[in-house]
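I opened my notebook to look through this structure for someone new to it. I kept the entries short.

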Amino acid sequence: VSWFPVFLIRVHGMEMVDAGRLAGACLILGGLIGLVGGGWITDRMGGKSSDRLAFCGLAAVIGTIFAVIFPLSDNLIVTAGAFVIFFAAAAVPIGAAATALQQLTPNRMRATVSAIYLFIVNLIGLGAGPTATALLGDILFPYESGIRYAIAIASPVAFGVGAVLFFVAARYAKRQAVQQEV
């Protein structure tokens, strides 16, 4: 996400203002779809934490696919559309995973668990992700349009790891719910 405007400038030859406008529009649209749609769908699924986490895993799988499509497409319309889907998939866990975490956490620990969760999400999402992409670009693809290949490697790998972790967490949440019923 952090590299999308730079990607549009370097790979698609856009001017900075136009790249910023397109990136902003894609982020707003994808964010709304992922946040509102993800919450709406997980509520309709019954609202159980295990279902919310499994849906986050499914969103991560979808995000993995579009994390490869958007940076490798030479067509700007395909790139923008794929990025909207990619970012919508990335936005699903913002509400759904945080809600599942609150459902799974005892009342007296919710504030602490939320703080730790947000710290880790920001450390990885705002720190490690963009840095890993930059390192891949600088080391493996040290040319102007090399950012597209760095994104096409870093993003799907991160989404793939996220998908596995969400599915593991969903299984754990389901087991915990069964144990609490007994």
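**Entry 1: an exposed isoleucine**

I looked up I124 and found it exposed, because its relative accessibility is 52% and the cut-off for exposed is over 50%. I am working with a predicted model here. I placed I124 in helix α5, which covers residues 110-140. Next I checked its contacts. Leaving aside neighbours within four places in sequence, I124 is in contact with G129 and P130. I also checked I124 against A158. The two are 34 residues apart in sequence, and their C-alpha atoms are 9.7 Å apart in space.

**Entry 2: a buried serine**

I turned to S50, which is found in helix α3. Is S50 buried or exposed? S50 counts as buried, because its relative accessibility is 9% and buried means under 20%. I then listed what S50 touches. Not counting residues up to four places away in sequence, S50 touches A170, A173 and K174.

**Entry 3: the largest nonpolar core**

I went to the largest nonpolar core, which has 33 residues. Which of them touch the most other members? They are F4, F7, L8, F70, F83 and F86. I then asked which elements give two or more residues to this core. They are α1 (4-12), α2 (16-44), α3 (49-72), α4 (76-104) and α6 (147-181). Helix α4 gives the most, with eleven residues.

**Entry 4: two phenylalanines**

I picked F83 and F4 out of that core list. F83 lies in helix α4. F83 is buried, with a relative accessible area of 0%. I looked up its contacts, leaving aside neighbours within four places in sequence. On that basis F83 is in contact with V1, F4, C26, L27 and F70. I did the same for F4. With neighbours within four places in sequence left aside, F4 is in contact with A23, C26, F70, T79 and F83. C26 and F70 thus appear in the contacts of F83 and in those of F4. I noted the spacing of the pair as well. F83 and F4 are 79 residues apart in sequence, yet 8.8 Å apart in space from C-alpha to C-alpha.

**Entry 5: α1 against α2**

I moved on to how the helices pack. I took α1 and α2 to begin with. They pack at an angle of about 135 degrees, and their axes are 9 Å apart. That angle is why α1 counts as oblique to α2. Their crossing is right-handed. Which residues make the contact? From α1 I listed F4, P5, L8 and I9. From α2 I listed M16, A19, L22, A23 and C26. I sorted the residues of this contact by type: nine are nonpolar, none polar and none charged.

**Entry 6: α3 against α4**

I looked at α3 and α4 last. At what angle do α3 and α4 pack? The angle is about 160 degrees, with the axes 8 Å apart. So α3 is roughly antiparallel to α4, as the cut-off for that is over 145 degrees. Helix α3 passes α4 in a left-handed crossing. I sorted the residues of this contact too. They divide into 21 nonpolar, five polar and one charged.

**Entry 7: looking back**

I reread my entries on single residues. I124 is exposed, whereas S50 is buried. F83 is buried as well. F83 sits in α4, the helix that gives the most to the core.

Note on methods
Residues are numbered from 1 along each chain as its sequence is written. This is a predicted model: local features need pLDDT of at least 70, side-chain atom pairs count only at pLDDT 80 or more; totals for chains, interfaces and linings use all residues. Side-chain values use heavy atoms; hydrogens and water are left out. A nonpolar core is a set of buried Ala, Val, Leu, Ile, Met, Phe, Trp, Tyr and Cys residues joined through side-chain atoms within 4.5 Å. Buried means under 20% relative accessible area, exposed over 50%, partly exposed in between (1.4 Å probe, protein chains only). Helices (H or I, at least four residues) and strands (E, at least two) are DSSP runs, numbered from the N terminus. Contact means heavy atoms within 4.5 Å. Axes are lines fitted to C-alpha atoms, for helices over the stretch in contact, and angles run from 0 to 180 degrees between N-to-C directions. Angles under 35 degrees count as roughly parallel, over 145 as roughly antiparallel, 65 to 115 as roughly perpendicular and the rest as oblique. A crossing is left-handed if the near helix is turned anticlockwise from the far one by less than a right angle, and right-handed if clockwise. Ala, Val, Leu, Ile, Met, Phe, Trp, Tyr, Cys and Pro count as nonpolar, Asp, Glu, Lys and Arg as charged, and the others, Gly among them, as polar.
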